[in-house]
Amino acid sequence: MKEIEGNKMEEEKEELRKRIVGKEIYWVIGSMAVLVLIFVVVSLVLQSFNKFEYEGLTFTKERFGEIPVYHYYYYLENHITGSVIAKYNLYLRIDPRKNDVPVDGEIEFIHGEYTFVSIDGEGLTECEENSVAIASLSGFLNDNDLRPKGAVPDKELARELKVKYATCEEHSEGVVIMVQEGNETKITRNGESCYVMEIANCEMIKAVEKFELQTLLDARKRAGI
């Protein structure tokens, strides 16, 4: 009899232990689920703080290493068929809401023709941002199928460097972007297919990023977006 009672007590103890362990497991699982939910909510909240709208474009503030950047992406389409061919990521160093470079005239490109980036280095050779800015502009034009080519606005220098000579007054084809020093950083459309990017105080990146951004905004307006 005592042996039976002892076995019964052991069974009850084992059952109690299993219940306690089961409750602990449920508590741990529940706690983990709550922590995951909190993490997801906090991540979404922080992400929402890093997002903003500018002229209908949604930007996200991110970091590229130690450099803060403003990211916007869109899909490139074949300009003949309209089919999507790639995703393009635009990264700006300057907050587009704070880039106050004035733009006079609509920016519009001719698909299938060259875009000549004609650089007048006088007054700009000491600017440290030049190479980064021009590389950004060339990459933007190339990735958007606008066929960039280097040029200069000096005939003798063009012959010496064996590159295209192009100014707003003299160019045989395509679109010309004139990059030159100015008293004020601004972008002006000159005629049907020429844009003058004037740079003051070495604000090359500021001017280039405004040009890229305005190109997208004007394209969206023409498309009725």
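Which residue in E9 stands opposite Val117? Keep that in mind while I set the scene.

This is a predicted model. I'll go through one sheet and two helices.

Start with the sheet. Seven strands make it up, and the sheet is open. The order is E5-E10-E11-E9-E6-E7-E8, with mixed pairing. E5 and E8 are the edge strands, each pairing on one side only. E8 covers 164-165.

Now the opening question. The residue opposite Val117 is Ile177 in E9. The strands there are E6, residues 115-119, and E9, residues 175-181. E6 and E9 run parallel, joined by five bridges.

Next, the E5 end of the order. E5 is residues 103-104, and E10 is residues 186-189. E5 and E10 pair in the parallel sense, over two bridges. Look for Val103: this residue stands opposite Ile187 in E10.

Ile187 also has a partner in E11. That partner is Met197. Here the pairing sense is antiparallel: E10 and E11, the latter residues 194-199, share four bridges. E10 and E11 form a hairpin, with four residues between them. Check Gly191 in the turn: phi is positive, about 80°.

Now the helices. H2 spans residues 130-143 and packs on the sheet. H2 touches E6, E7, E9 and E11. E7, for reference, is 148-152. The direction of H2 makes about 170° with that of E6.

H4 is residues 204-222. H4 lies across E5, E9, E10 and E11. Against E11, H4 runs at about 150°. E9 and E11 appear in the contacts of H2, and H4 lies across them too.

How do H2 and H4 sit relative to each other: roughly parallel or roughly antiparallel? Their axes cross at roughly 15°. Angles under 35 degrees count as roughly parallel. So H2 and H4 are roughly parallel to each other. The axes come within 8 Å, and H2 passes H4 in a left-handed crossing.

Who meets whom? On the H2 side we have Asn130, Val132, Ala133, Ile134, Ser136, Leu137 and Phe140. On the H4 side, Met204, Ile205, Val208, Phe211, Glu212, Thr215 and Leu216. By class, this contact has 10 nonpolar, three polar and one charged residues.

To recap. The sheet is open and mixed, with seven strands. H2 packs on the sheet, H4 lies across E5, E9, E10 and E11, and H2 and H4 meet through the residues I listed. Thanks, that's my part.

Definitions and conventions. Residues are numbered from 1 along each chain as its sequence is written. This is a predicted model: local features need pLDDT of at least 70, side-chain atom pairs count only at pLDDT 80 or more; totals for chains, interfaces and linings use all residues. Side-chain values use heavy atoms; hydrogens and water are left out. Two strands pair if DSSP finds at least two bridges between them. Contact means heavy atoms within 4.5 Å. Axes are lines fitted to C-alpha atoms, for helices over the stretch in contact, and angles run from 0 to 180 degrees between N-to-C directions. Angles under 35 degrees count as roughly parallel, over 145 as roughly antiparallel, 65 to 115 as roughly perpendicular and the rest as oblique. A crossing is left-handed if the near helix is turned anticlockwise from the far one by less than a right angle, and right-handed if clockwise. Ala, Val, Leu, Ile, Met, Phe, Trp, Tyr, Cys and Pro count as nonpolar, Asp, Glu, Lys and Arg as charged, and the others, Gly among them, as polar.
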